[in-house]
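Open the model in your viewer and set it to cartoon display. The stops below say what to select next and what to look for there.

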Amino acid sequence: MKDCIRIASGQGFWGDQLDAPKQQVQGGPIDYLMLDYLAEVTMSIMQKQRSRNPAAGYARDFVPLMGEILGPVVERGIRVIANAGGVNPAGCRDAVLDEARKAGLAGRARIGMITGDDILDRLPDLLARGVELKNMETGEPLSTVLGRVQSANAYIGARPIVEALRQDAHVVITGRSTDTALTYGPMIHEFGWSLDDFDRIAAGVVAGHINECGAQASGGNHLVDWRTMPGLANVGYPIIEASPDGSFVVTKHDGTGGRVTLATVKEQLVYEMGDPVSYITPDVVADFTTIRLEDAGPDRVRVHGVRGGHATDMLKVSIAYSDGYKASGTLVYAWPDAVEKAQMADRVLRERLDRLGLKFDEVLTEYVGWNATHGPLAGPLPKDLPEVTVRWGVRGQDKAAVERFTKEIAPLVLAGPPSVTGFAGGRPAVQEIMAYWPALIPKTEIEPGLRVEVVTA
């Protein structure tokens, strides 16, 4: 057993900095590189891509990245764990195998794939057998929207990741793994933790929660002393230095920007917290109120004392379904009386929509520069605001009505209040709305069907 392993965060979402994983591999010693690509809406986007192209449905950025770093990864014995597989882990795996062969790693690079989280095709059978998949927020059964479902994936834990690592995979590609499992899976594997060692696994969950959002734990998107945050253009992503007892240190590579402090770590810990006493994952329920933090030196924060309890017998399911259409567009009004002009434009547009008989589920108006972020908390209209962007959005079930809305903004340029600009981009695009349906499913419906496959390039 190693005394310490270094688990580096390289992506916090699909679209994060492309060079961050390379920086983690090149910037100093690491044992693992975790890459988190998925969010709830991401799965529905990937499913739509796959419906148009059966070879698609995964994080495309991941494949050329692996082409660049797979050589050093194999040579140095680094393990990469990524949920880049989305709704098509097999397609992602095959693409990475191609990159491995191009890099001259045929016969050497071992690529692992985990499947079984995608239950889209199983939904009719599950409902027929009484697994209602009720909406966790409204209590409605999934049957009310079944015909509009676009994707359905169970959040799986670390067990299949541990198995892929046991089979010596250099790269482990998952579908809808929990974000935290990408970090605590390696800790279970390296330190030989029992799956009922709830305190240590809970500590791993906390480590994963810190790692999962990339640079948000090392100075990015950070409120405390943000004016003095150094070097964000070259920000260092976090690294977890984990020990067998479950304690760990949060740090980053030397010479990189940002900083790791008690404040940056605390701010990340409360991100998407929910109930701090009961942070539920597939493998353990972690108690975040037991976390203890210590300043361990420049860019080093020690975390220890974490307690955990027995996991539940359910898994969360992330379901996306079609819920109509939306479009949004903007105009900019200038001084004097910028907001009053924008408000008049809003009245004109709304009256025009009513005269045309267009019906929407919602029409939203925001004044960017005054109250778009804080709404009524923004207070009264500031005097002499130099400019304001008025942003309209509509959503509804009638696509034709939404399309007509997109054609009613431009006429305000000549048939509305004065001092207007900002329409050079043309008409807004109509987008299909993907609504989120959170549900629970018994583990017995998912875990027996999880599959781990490791192949050599």
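**Stop 1: a helix and its cap**

Select Asp398 and Ala400 first. Asp398 caps the N-terminal end of helix 11, with a side-chain oxygen 3.0 Å from the backbone nitrogen of Ala400. Bear in mind throughout that this is a predicted model.

Now select helix 11 itself, residues 399-406. Which of its residues are buried? They are Ala401, Val402, Phe405 and Thr406. These residues cover an arc of only 145° around the axis, so they lie on the same side of helix 11. The general rule is that an α-helix has 3.6 residues a turn, so residues three or four places apart point the same way.

To see what covers these buried residues, add strand 14 (314-334), helix 10 (338-355) and strand 16 (387-396), which are among the elements that do so.

**Stop 2: the sheet**

Next, show the open sheet of ten strands, whose order is 11-12-8-7-1-2-3-6-4-19 and whose pairing is mixed. Strand 11 (292-295) and strand 19 (451-456) stand at the edges; each has a single partner strand, so one side of each has no neighbour in the sheet. From one strand to the next, the twist averages 20°.

In general, strands of a sheet pair through backbone hydrogen bonds, either parallel or antiparallel.

**Stop 3: strand 3 and its partners**

Select strand 3, residues 79-82. Are its faces covered or uncovered? Both are covered: Arg79 and Ile81 are buried on one side, and Val80 and Ala82 are buried on the other.

Add strand 2 (residues 32-35), which pairs with strand 3 in the parallel sense over four bridges. Here Leu35 stands opposite Ala82.

Then add strand 6 (residues 171-173), which runs parallel to strand 3 and is joined to it by three bridges. Look for Ile81 opposite Val172.

**Stop 4: strand 4 and two helices**

Keep strand 6 selected and add strand 4, residues 110-115. Three bridges join these two strands, which run parallel. Gly112 of strand 4 stands opposite Val172 in strand 6.

Select helix 4 (residues 89-102), which packs on the sheet and touches strand 4, strand 6 and strand 19. The direction of helix 4 makes about 175° with that of strand 4.

Last, select helix 6, residues 159-166. Which strands does helix 6 touch as it packs on the sheet? They are strand 2, strand 3, strand 4, strand 6 and strand 19. The direction of helix 6 makes about 25° with that of strand 19.

Terms used
Residues numbered from 1 in each chain as written. Predicted model: local features only at pLDDT ≥ 70, side-chain atom pairs only at ≥ 80, totals over all residues. Heavy atoms only, no water. Buried < 20%, exposed > 50% of the residue type's maximum accessible area, 1.4 Å probe, protein only. Arc of directions from axis to C-beta. Contact = heavy atoms within 4.5 Å. Polar contact = N/O pair within 3.5 Å; in protein donor to acceptor, adjacent residues only side chain to side chain. Pairing = 2+ DSSP bridges. Axes fitted to C-alpha atoms, helices over the stretch in contact; angles between N-to-C directions.
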